[in-house]
Every structure is written in structure tokens, then in C-alpha cells.
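Colleague: Got a minute to go through the charged pairs in this one with me? I'd like to see how you reason about them.

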Amino acid sequence: WKSWKRKQVMFVTTPEIVWHNKEPIFSVDLHHSRGTLRIATAGADHTVKIWRLVREGAKTKLVFLANLDRHTKSVNVVKFASNGEYLASAGDDCTICLWKLNEENDVVMETNLEDDVNQENWTVAKMLRGHLEDVYDLSWSSNSRYLFSGSVDNTAIVWDTLSGDKLAILKESQHYVQGVAWNPKGGCLATLGTDRTLRIYKIENNKFKCINSVSRYIPTHEDGLKPTRLFQDE
């Protein structure tokens, strides 16, 4: 007997999004729920837009669903919560918006997009304020309750999205915090910034403690590996 592996072919299409007034698009995220694949885009036009990905045979296209207009400056990042109940957006106005889809309200709302209307009604459930400068990155906890944000004010903040409270302000970074991540299994968080350092935080007794800082990789003799440069100009 011979076992044959089924050959799989991946087709790539590039749906064009030009509805951000032809301004740069800074972030994109997607979430699949109830047979619907939603895509959120954010850009320099101060807006977030929601799309639905539709397959028509071998082709795909994007269908416009909603225009989310609340930010006053460029929107740098959008992230769906894992349960799909909320969408978080943040940008240069130092504000984090938590958007919620109002499924009971099917009123079609007008938008400022030519010849198009909102097919879904998204409303701001909460606005989180605490950063002093641009917010660059967001990360949700696996239970979709807590949110982690990083900013060029050199801090990262852990939020309780139910109450809107700040659970912790992490100030160890010496420069901009441009990346944040939450371990999907819980227990640890990470930040990365322009001070060239990756910091790992452990959650113990509702407190966030920095347990490791990585700025360069120096292998041990047991690794059998050569030293690795983390930055090209080292």
C-alpha cells in the first residue's frame, strides 16, 4: 500500500481597498464568526472600516459593512477580541475605542462614502484614556476581557475592558513601546520597543512583574550555536 498526500493549492488574490481617502492603511485584522469573515482596516484618514470577505467561485471580493468614525487623528491599530464581541482601535489621539456590533439595530445609516451606506451598526461601548502619546499596538487576553496597549509615551497599560480601569502601567521601557503581546495561555505578557529590548512580564497575585529583558542573544556552550545579531548595525 502506498499513502498519497492530497495536493493542496493556495490561490492568492489582492482585494484593493482605496476607501481610506487614498491615505495609508496602518493596520488590518480579521475575525471569523457565524460563517462571516469580517475584516477591519484602519488608516491615516482617522477612520476604521469593516468589510466582509465574500467568495464567488475562485474569486474573492470585499463588501463594505460599516464606517467607524470617532478618532480625531490617524488610527494605528485595530484588533478584534477573540470572541468577536468587541473591536479595539487606537491611534495618534492617545485614545482607545472599544467598538461593539449592535445586532438588534438594523437601521441602515448614511456614511460619508459616496453611494454607500452602513450595513452594520457599530457603536462605541467604551473609550479608554490613559496614554499621553500615540498608541501603537494592542493585544487582547484570551478571555476577551483584558486589553494590553503600548505607546510612544514609553509605557504599556493593562486594561479591564468591563470596568475601563487601568490594572497596571508598565514603565520599564526606556523608549517607545511599539509592540505588545499577550500569551494566549495566559500568565505572561511581552513588550518590545525602540530601546531594543524585549521584556517579559509575569502575572502573579494580580501584579505584573518584569521577569526577563532580552536585548541580545548570547548562546551557551550547550547550544552549539553562533552568536546572533538582533540588529543589523550591531
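Here is our chat about the salt bridges in this predicted model.

Colleague: How many salt bridges are there by your rule?
Modeller: Side chains of opposite charge can pair when their charged atoms come close. My cut-off is a Lys or Arg side-chain nitrogen within 4 Å of an Asp or Glu carboxyl oxygen. By that rule, the count is seven.

Colleague: Which residue does lysine 100 meet in a salt bridge, and where does the partner lie?
Modeller: The two side chains come to 2.8 Å, N to O, and the partner is glutamate 85. Lysine 100 sits in strand E7 (residues 95-101), so the pair ties together parts 15 residues apart in sequence. The partner, glutamate 85, lies in the loop between strand E5 (75-80) and strand E6 (86-91).

Colleague: Is aspartate 160, the salt-bridge partner of arginine 145, buried or exposed?
Modeller: The closest N and O atoms of that pair are 2.8 Å apart. Arginine 145 is in the loop between strand E11 (135-140) and strand E12 (146-151), while aspartate 160 is in strand E13 (residues 156-160). Arginine 145 counts as partly exposed at 32% relative accessibility. Buried means under 20%, and aspartate 160 has 7%, so aspartate 160 counts as buried.

Colleague: What is the N to O distance between lysine 202 and glutamate 204?
Modeller: Lysine 202 is partly exposed, with a relative accessible area of 35%. Glutamate 204 is also partly exposed, at 41%. Their side chains meet in a salt bridge, and the N to O distance is 3.4 Å.

Note on methods:
Residues numbered from 1 in each chain as written. Predicted model: local features only at pLDDT ≥ 70, side-chain atom pairs only at ≥ 80, totals over all residues. Heavy atoms only, no water. Helix = DSSP H or I, 4+ residues; strand = E, 2+ residues; numbered from the N terminus. Buried < 20%, exposed > 50% of the residue type's maximum accessible area, 1.4 Å probe, protein only.
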